[in-house]
Amino acid sequence: MESLDDSALSLAVFVPLVVAAAMLLVPRENETAHKLMALGATLATFAVGMLILARFDYGASDQLQFRVDAPWIDVINSRYLLGVDGISLPLLVLSMFVCVLVVVYSWNHFPEPHNPKAFLILILVLETGMNGTFVAQDLILFFVFFEVVLLPMYFMIGVWGGEQRQYAAIKFFLFTLFGSALMILSFLALYFSGGQTFSIQELVAVAADNIPRSTQLIIFGGLFMGFAIKVPMFPFHTWLPDAHTQAPTQGSVILAAILLKLGTYGFIRIAIPILPEAAMAWAPVIGGLAVVGIIYGALGCLAQSDMKRLIAFSSVAHMGFVMLGIATLTDFGINAAVFGMVAHGLITGMLFFVAGSVKDRFHTLELSRLGGLLLQAPRMGWILGFCAMASLGLPGLAGFWGEFPAILAAYSPAEGLSEALFRTYMVIAALGTVLAAGYLLWMLQRAAFGTPKPEFAEAPIADMHWPEYVAWVPMLVLILVLGIFPGLLFGLTDGAVGNALSSFGAGG
Amino acid sequence: MLENAWVIPTLTFVSFWLILFFGKRLPGHGAEIGIGALGLAFVLSCVAVVQWVDRPATEVVPHGTSEEVHGEEEEEHGAAGGQRGEDRQVVATAVETGGHGEETPIRSAVERNVTWFTIGDVEVTAGTAVDGLTVVMLFTVTLISLLVHVFSTNYMHGDVRFTYFFAALSLFTTGMLLLVVSSSTLQALFGWELMGLCSFMLIGHWWEKAENSNAAMKAFLTTRTGDVGLLVGIVTLFFAAGQTFDIALINERALTGAIGHTALVVGAVGLFIGVIGKSAQFPLHTWLPDAMAGPTPVSALIHAATMVVAGVYLVARLYGVFWEAFDIGAGGVNPIAVVGGITVLIAAALAFVQDDIKKVLAYSTVSQLGYMVMALGVGAWTAGIFHLFTHAFFKGLLFLGAGSVSHAVHSFDMKADMGGLRKYMPTTFVTFLIGSVALAGLFPLAGFWSKDEILVGAAENGYPVFELVGIVGAFLTAAYMTRCVYLTFFGEYRGHAHPHESPRPITIPLMVLAVFSVGAGLLNAPGVEKFFEITENRVFLLAGVEHHSFEVFPAVVSTVVVLAAIAFAYLLFFERRLPRGLTRRNALARSGYTLLTNKYYLDHLYTGVIVGSVKGAIARAAYWFNQKVIDGVVNAVGIAARRSGDWTYRHIDQAVVDGAVNGAGFGAEGFGGILRTIQTGRVQQYAALLFGAATVLALGLIIFV
């Protein structure tokens with residue numbers, strides 16, 4: 001077991017990539033082999049994840065565990081540094097978990113132009129990128145994984161997407177690339193002015209002392225752009241509705257469940273611990289954009305007539321809560337943010353799954369043409385209702401623990417931040433919960449209640465198939481379990497959050 | 001049972017899942033699970049009541065500790081002291097001088113908590129806190145819910161979603177039970193919102209029709225609007241009370257002056273906004289009459305024992321906060337009493353113009369909730385929860401009675417489809433009559449005692465205006481119920497069905513509730529005062545709340561007023577003696593009538609103006625901004641970058657870009673067939689864009705580093 005501990009994270013990152021390479025060799029016609037290989041790869045990765053969960057020292061969740069430290073690019077002192085703590089572990093496991101479910105769901109849901117081989121290879125490459133981002137502890141390594149994610153998603157949207165896939169894919173790509181450009185600049189600036197190292201841990205220790213405040217502010221700005229675009233925060237969010245709407249179901253699920261978290265994770269892992277002073281200066285701006293996003297995203301939802309686009313806009317609002325939590329710079333706020341990331345991943349991922357299955361059956365997601373889903377496919381209809389409730393933050397389901405503690409934290413932000421300002425944010429965010437209930441129930445009413453429209457009244461609509469059961473039930477169970485026992489996740493994240501906030505004194 | 005009160009909500013929660021997963025396969029389609037669970041929960045609740053009554057009174061609480069603190073505050077504020085009644089000064093002095101003669105032992109609450117989760121150094125607990133108020137609520141909720149379950153087996157027979165209906169009933173009851181046993185505000189929020197969810201599910205039970213799902217949405221969104229206040233209140237009190245959600249601690253700290261006044265007022269106002277939404281107080285009461293779209297047993301459950309009384313319960317539970325924040329002991333006016341008082345009157349007036357029997361009862365509920373809130377607002381704590389207790393029985397009875405009637409005539413329209421039903425349905429008639437008389441508050445039925453206590457409390461605590469409101473409300477109540485009974489049971493039958501008495505699963509719950517509607521009030525009758533003794537708690541004593549027992553004078557006044565109202569309505573409806581067509585001839589009466597039939601135009605304001613503009617113009621404007629302004633900038637940048645990229649491509653660095661194109665092409669080929677779908681021009685554009693981005697990066701490097 002000891003030796004496994006050393007290689008666990010490398011396995012978690014590279015197993016999918018290796019299998020993807022092997023799949024290149026299998027002829028395209030052999031679809032079953034591809035499916036089995038992809039499933040095997042994601043399951044094996046997930047098993048590694050379970051092993052990590054089992055061997056993780058929960059008493060020391062604030063420490064990096066399963067560390068790997070090897071030379072990589074000596075000339076710039078960049079190392080192959082991996083490790084997980086209580087913040088990255090849940091996100092890593094979530095990524096592994098969602099990838100398995102996406103492959104299962106794909107079993108008989110390959111979008112046009114079909115081609116399971118290419119599609120599954122892209123998913124595996126994505127998984128490598130995502131897992132890698134969550135465990136990388138070196139900025140260059142982080143950047144590489146962060147960028148690895150881009151290409152497969154670009155192709156997934158551009159090839160398997162809807163009618164405007166070209167526009168959406170390029171917009172997604174360029175938007176993110178633009179952010180990445182500023183981000184790498186900031187990384188380089190940290191390297192040169194922060195102590196000739198890319199190690200996140202070392203930078204946390206030394207960067208703040210070495211870099212003058214004015215430079216810190218600029219560097220943070222670059223990081224902010226890179227991460228905020230990925231989150232996405234208002235007003236850098238416009239790539240998201242297009243990408244989500246055009247992406248195939250699996251792409252949307254991965255995008256919502258994991259990709260968006262890369263941005264918020266970046267704030268918590270890199271920007272805030274390394275540059276606490278700058279974080280403090282930027283926090284009011286971040287908080288302000290976050291609450292604007294909450295209200296703005298909700299209004300955007302209310303204006304939608306397409307179910308998938310509506311769910312996409314809801315991500316802007318939900319990630320607003322996550323960012324508000326982060327902006328408070330308190331332990332409540334950042335714990336809420338990590339919880340919100342996981343919860344949003346599960347809930348919005350599920351909503352996209354359901355939307356995809358609805359589209360499979362009705363070939364449209366126009367809300368004005370839908371209706372009576374509960375009559376034609378009752379189980380799917382109830383699941384949609386369940387997810388809508390979870391998404392609007394009903395206590396007892398996971399979404400609540402992303403919102404409520406964030407609102408709570410805004411009442412009393414970290415010392416040095418304006419209480420009056422953040423309490424205003426708190427009230428605005430609380431109002432956002434009403435709007436969330438409004439657009440989600442409105443969607444539910446139009447899609448699930450009522451009776452089917454005449455054009456579909458006679459259509460044979462199948463309820464759930466087995467891949468849907470297998471893929472969805474674990475997510476639904478997790479949404480409920482985490483909702484009732486939030487300690488499962490808070491217990492994991494709390495120590496690490498305290499660590500990330502150590503430079504803010506008592507925190508919250 | 002006091003230690004293990006968590007068992008009771010757990011029972012119904014388990015029942016929910018069992019019904020959901022196995023209900024359909026059982027012979028009773030899940031109803032037997034629900035009834036079994038509720039039956040057991042009821043028995044356990046009775047055990048809890050007995051154990052509580054047997055519990056020795058050992059805790060000694062100094063009366064009116066808060067007065068002591070107030071005394072100090074008054075010195076600072078000066079003028080405020082003048083409003084205080086003299087007797088209170090005496091109490092305060094007694095405490096200050098160590099007057100131990102004032103102390104009486106009470107039963108101490110039974111608390112049991114476990115750690116829920118920990119964030120930073122804050123440990124959040126979940127658990128139960130059981131005292132007299134809790135056991136009374138447990139008893140009432142489980143009894144009413146059990147009867148509603150039994151009633152529904154017949155009433156909902158053959159419904160398309162029978163099993164689902166029972167599952168939702170179980171979950172609904174779980175929500176209320178969870179709320180009443182909660183030891184913390186956060187946990188209470190769970191029960192609170194769970195009921196919101198279930199009301200959504202049950203009001204929209206027949207969601208095929210848009211009007212039903214609209215009503216469900218309206219209920220959820222309106223209460224959710226109030227919940228914004230509740231959230232803010234909970235959060236404010238969490239910090240103000242020293243990072244705790246614990247209700248007992250919050251009360252204690254509010255009463256001992258450990259919480260700053262501003263925070264306390266913000267917290268109390270926030271919570272009260274939540275109460276206004278949930279307990280359908282003016283001006284957020286409009287969802288409740290629409291909630292009649294749900295099946296009748298649900299209405300009974302929502303209106304009698306759960307959901308709407310949750311708000312009243314919350315005020316009673318966190319009374320220390322409200323008491324201090326609004327200085328209830330001082331008399332005069334305060335927001336709670338005012339909102340409650342307005343609600344009493346405006347809802348009672350609306351009950352007059354309804355033709356739907358359930359809507360009469362719905363507005364009546366709003367009005368009665370107003371009484372409870374007003375009682376708490378005027379410092380009559382015991383009277384408020386006592387009215388909650390008695391009202392549960394007679395309002396449950398009336399709703400189930402209305403259900404029984406509609407079961408017979410297949411309608412809720414009193415004017416079109418009812419009349420003369422006393423001949424066809426004697427049991428329903430008698431029980432409904434008992435419920436109506438109890439609601440009107442005639443001696444010696446339940447409503448008489450609790451209403452009298454409220455009136456006495458208002459008068460004694462220095463709120464004479466609200467005593468008057470209570471009396472006027474009593475007049476209106478008696479009159480509209482007389483109208484309702486007349487239209488339903490007297491005169492000639494006007495419908496086309498063949499009315500018949502309902503079967504026993506329907507009539508037995510009616511009879512049980514009728515017994516309670518007669519007898520429940522005696523529990524706090526003069527000389528008995530058992531209810532007061534059971535519910536008296538630490539907060540009550542700490543705050544120095546006073547309990548005023550029965551008094552003859554207001555009782556006589558209210559009885560005379562009620563009799564007058566009945567006589568008035570009798571003349572108006574039975575004898576048709578009073579002028580008819582008043583609304584046609586008199587402009588003032590006509591405009592009053594129009595105002596009432598339009599429900600004070602509040603619905604126009606909410607649905608038309610507020611929801612309409614947010615959903616319509618505002619949302620559209622935001623989206624326009626998104627598509628045209630933000631995306632316009634994005635697209636313009638994209639185009640500019642592409643042009644400069646193109647330019648560079650053509651004039652400067654063709655070789656490099658060519659390489660990029662080939663590279664991209666090669667990569668795409670690797671994915672098999674991808675290249676086909678991407679037009680060559682697109683790839684070139686993309687590469688050009690990449691190059692543009694790289695240029696930006698290079699520029700940045702030069703500038704910043």
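**Entry 1: the strands of chain A.** I began with strand 2 (residues 78-84) of chain A and found 5 of its 7 residues buried, so I noted the strand as largely enclosed by the rest of the structure. I am working from a predicted model, and I keep that in mind throughout these entries. I then looked up the partner of strand 2 of chain A, and it is strand 1 (residues 65-73) of chain A, the two pairing in the antiparallel sense over 6 bridges. Within this pairing I located A:Asp69, which stands opposite A:Leu81 in strand 2 of chain A. The two strands form a hairpin with 4 residues between them, and in the turn I recorded a positive phi of about 55° for A:Asn77.

**Entry 2: chain A as a whole.** I listed 21 helices and 2 strands in chain A. I next checked the overall dimensions: a compact globule with 508 residues would have a radius of gyration near 23 Å, and chain A has 22 Å, which agrees. Along the principal axes, I found that the C-alpha atoms of chain A fill a box of roughly 70 × 55 × 40 Å. Buried residues make up 67% of the 508 residues in chain A. For the contacts in chain A between residues at least 6 apart in sequence, I noted that 79% join residues at least 24 apart.

**Entry 3: helix 13 of chain A.** I turned to helix 13 (residues 307-328) of chain A, whose 22 residues should span 32 Å at 1.5 Å a residue, and its end C-alpha atoms are indeed 32 Å apart. I found 22 of its 22 residues buried, so this helix too is largely enclosed by the rest of the structure. Just after helix 13 of chain A, I recorded a positive phi of about 55° at A:Leu329.

**Entry 4: the nonpolar core.** I looked up the largest nonpolar core, which has 455 residues, and the members that touch the most others are A:Ala271, A:Ala429 and B:Phe322. I followed B:Phe322 further and, leaving aside its neighbours within four places in sequence, found it in contact with B:Ala268, B:Val315, B:Ile328 and B:Ile336.

**Entry 5: where chain A meets chain B.** I counted 60 residues of chain A in contact with 55 residues of chain B. The elements giving two or more residues to the chain A side include helix 4 (116-135), helix 12 (276-302) and helix 18 (419-448) of chain A. Helix 7 of chain A gives the most, with 11 residues. I divided the residues of this side into 38 nonpolar, 18 polar and 4 charged.

Conventions. Residues are numbered from 1 along each chain as its sequence is written. Chains are lettered from A and ligands numbered from 1 in the order in which they are written. This is a predicted model: local features need pLDDT of at least 70, side-chain atom pairs count only at pLDDT 80 or more; totals for chains, interfaces and linings use all residues. Two residues are in contact if their C-beta atoms, placed from the backbone, lie within 7 Å. Ala, Val, Leu, Ile, Met, Phe, Trp, Tyr, Cys and Pro count as nonpolar, Asp, Glu, Lys and Arg as charged, and the others, Gly among them, as polar. The expected span of a helix is 1.5 Å times one less than its number of residues. A residue is buried if 20 or more other C-beta atoms lie within 10 Å of its own, exposed if 12 or fewer, and partly exposed in between; C-beta atoms are placed from the backbone. A nonpolar core is a set of buried Ala, Val, Leu, Ile, Met, Phe, Trp, Tyr and Cys residues joined through C-beta atoms within 7 Å. The radius of gyration is taken over C-alpha atoms; the globule rule is 2.2 Å times the number of residues to the power 0.38. Two strands pair if DSSP finds at least two bridges between them.
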